[in-house]
Amino acid sequence: MIERVVPETVARAEAFDDALPGLPDPRELALLRGQPEAIVRRFAAARSCAHHCLDQLAVPPGPLLRTPDGGPKWPPGVVGSITHCAGYRGAVAARAGRWAALGVDAEPALPLPTGVLDLVTTAPERRMVAGLSRRSPEVPWDRLLFSAKESVYKAWHPATGRWIGTRAIEVTLTADGLLTALVRPERTQPPRARGRSAATGDGVPRPRGGAYPYRGRWHSGDGLLLTAVAVPGVETVGRPDPRPTARLSV
């Protein structure tokens, strides 16, 4: 499933349960000391997917710990993203020279709770969701939009160390599986108590008219929604992605 939303040159791995191919690294499990078993197993399965990605990149083995912000601390020279939801765990990773930032998010293919859409979207986005819902009512477009914003944030935050709200991310979805987004960070300010992690800014797209453009894909199938964005690195800029457009599958 995950191969439908990321470029061919991105390492990816996924699992639909918490069965592990081997014992998890105890240094990673220490991050969840005292947590319920179900959370530990979900975490371990998602980390296992991430390690499979790193194996594809021939990265030496080692624990995948956390940044001060709580995200995965990828090895030097590697970017990636991890996601999990009910019935799904997945990860993507790439060498930073080829892809400067990655974001992936999985959600159950269910509508958002009542009232959430108004909190996380702009008026144009709500009009877009209404139009797409009339055209393809089998897709929960509201949650798909939310997932797309999550994917963009997962690419944005590790590169900048800057928190932004969901309304600072303007998403456009198409019925044939494409998504684009514009990040307008001036629309929100980080909470005073929230610190910033060390970040170089190298994984941020070149701004256009004060906004930062992101491109990606989405897929719906088997009761799941999956979205992903990828920011080209210096080795990829200008090269076309040979992968065909992801298609609606419900």
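These legends go with a set of close-up views of one predicted model.

**View 1. The whole chain, to get your bearings.**
The predicted protein has 5 helices and 8 strands. Walk along the sequence and you meet them in the pattern β-α-α-β-β-β-α-α-α-β-β-β-β. The protein runs to 250 residues, and 46% of them count as buried. Take the contacts between residues at least 6 apart in sequence: 67% of these join residues at least 24 apart. As for the outside, the accessible surface comes to about 12,600 Å², with 54% of it belonging to carbon and sulfur atoms.

**View 2. Helix 2 and what it packs against.**
Helix 2 covers residues 37-56, which makes 20 residues. From its first C-alpha to its last it reaches 29 Å, close to the 28 Å expected at 1.5 Å a residue. Its buried residues are Phe-43, Ala-44, Ala-45, Ala-46, Arg-47, Cys-49, Ala-50, Cys-53 and Leu-54. So what do the buried residues of helix 2 pack against? They meet strand 1, helix 1, strand 2 (78-85) and strand 3. After helix 2 comes Ala-58, with a positive phi near 60 degrees.

**View 3. Cysteines without a disulfide.**
Search the whole structure and you get 0 disulfides. Zoom in on Cys-49, one of the buried residues of helix 2. The closest cysteine sulfur to its own is in Cys-53, and that is 7.2 Å away. A disulfide needs the two sulfur atoms within 2.5 Å, so this pair is too far apart for a bond. Cys-53 is also on the list of buried residues in helix 2. Cys-49 has 5% relative accessibility and therefore counts as buried. Cys-85, at 10% relative accessibility, is buried too.

**View 4. Phe-16 meets Tyr-88.**
The whole structure holds 3 aromatic pairs, and this view shows one of them, formed by Phe-16 and Tyr-88. The arrangement is edge-to-face, with 5.4 Å from centre to centre and 75 degrees between the planes. Where do the two partners sit in the chain? Phe-16 is in the loop between strand 1 (11-15) and helix 1 (26-29), while Tyr-88 belongs to strand 3 (residues 88-95). That puts them 72 residues apart, so the pair links distant parts of the chain. Phe-16 is partly exposed, with a relative accessible area of 46%, whereas Tyr-88 is buried, at 1%.

**View 5. Trp-156 meets Tyr-212.**
Here the ring centres of Trp-156 and Tyr-212 are 5.3 Å apart and the planes lie at 65 degrees, so this pair is edge-to-face. Trp-156 comes from helix 5 (residues 141-160) and Tyr-212 from strand 7 (residues 212-221). With their positions 56 residues apart, the pair links distant parts of the chain. Is each partner buried or partly exposed? Trp-156 is buried, with a relative accessible area of 3%. Tyr-212 counts as partly exposed, at 22% relative accessibility; the cut-off for buried is under 20%.

**View 6. Helix 5 under cover.**
Helix 5 has 20 residues, and 16 of them are buried, so "mostly covered" is a fair description. At 1.5 Å a residue this helix should span 28 Å, and its end C-alpha atoms are indeed 28 Å apart. Just after helix 5, Gly-161 takes a positive phi of about 70 degrees.

**View 7. The positions UniProt lists as a binding site.**
An unreviewed UniProt entry gives Asp-105, Ala-106 and Glu-107 under "binding site". Asp-105 lies in strand 4 (residues 99-108), and Ala-106 has its place in strand 4 as well. Asp-105 is buried, with a relative accessible area of 4%. Ala-106 is also buried, at 2%.

**View 8. Who touches Asp-105 and Ala-106.**
Which residues is Asp-105 in contact with, leaving aside neighbours within four places in sequence? They are Thr-83, Ser-147, Glu-150, Ser-151, Lys-154, Leu-225, Leu-226 and Thr-227. With residues up to four places away again not counted, Ala-106 touches Thr-83, His-84, Cys-85, Tyr-88, Leu-225 and Leu-226. Two of these contacts turned up in earlier views: Cys-85 is buried at 10% relative accessibility, and Tyr-88 is the buried partner of Phe-16.

Terms used. Residues numbered from 1 in each chain as written. Predicted model: local features only at pLDDT ≥ 70, side-chain atom pairs only at ≥ 80, totals over all residues. Heavy atoms only, no water. Helix = DSSP H or I, 4+ residues; strand = E, 2+ residues; numbered from the N terminus. Buried < 20%, exposed > 50% of the residue type's maximum accessible area, 1.4 Å probe, protein only. Contact = heavy atoms within 4.5 Å. Areas by Shrake-Rupley, 256 points an atom, 1.4 Å probe, with all protein chains shown as cover. Phe/Tyr/Trp six-rings, centres within 6.5 Å; stacked < 30°, edge-to-face > 60°. Expected span 1.5 Å × (residues − 1). UniProt positions renumbered as here; feature names shortened; annotations may be inferred.
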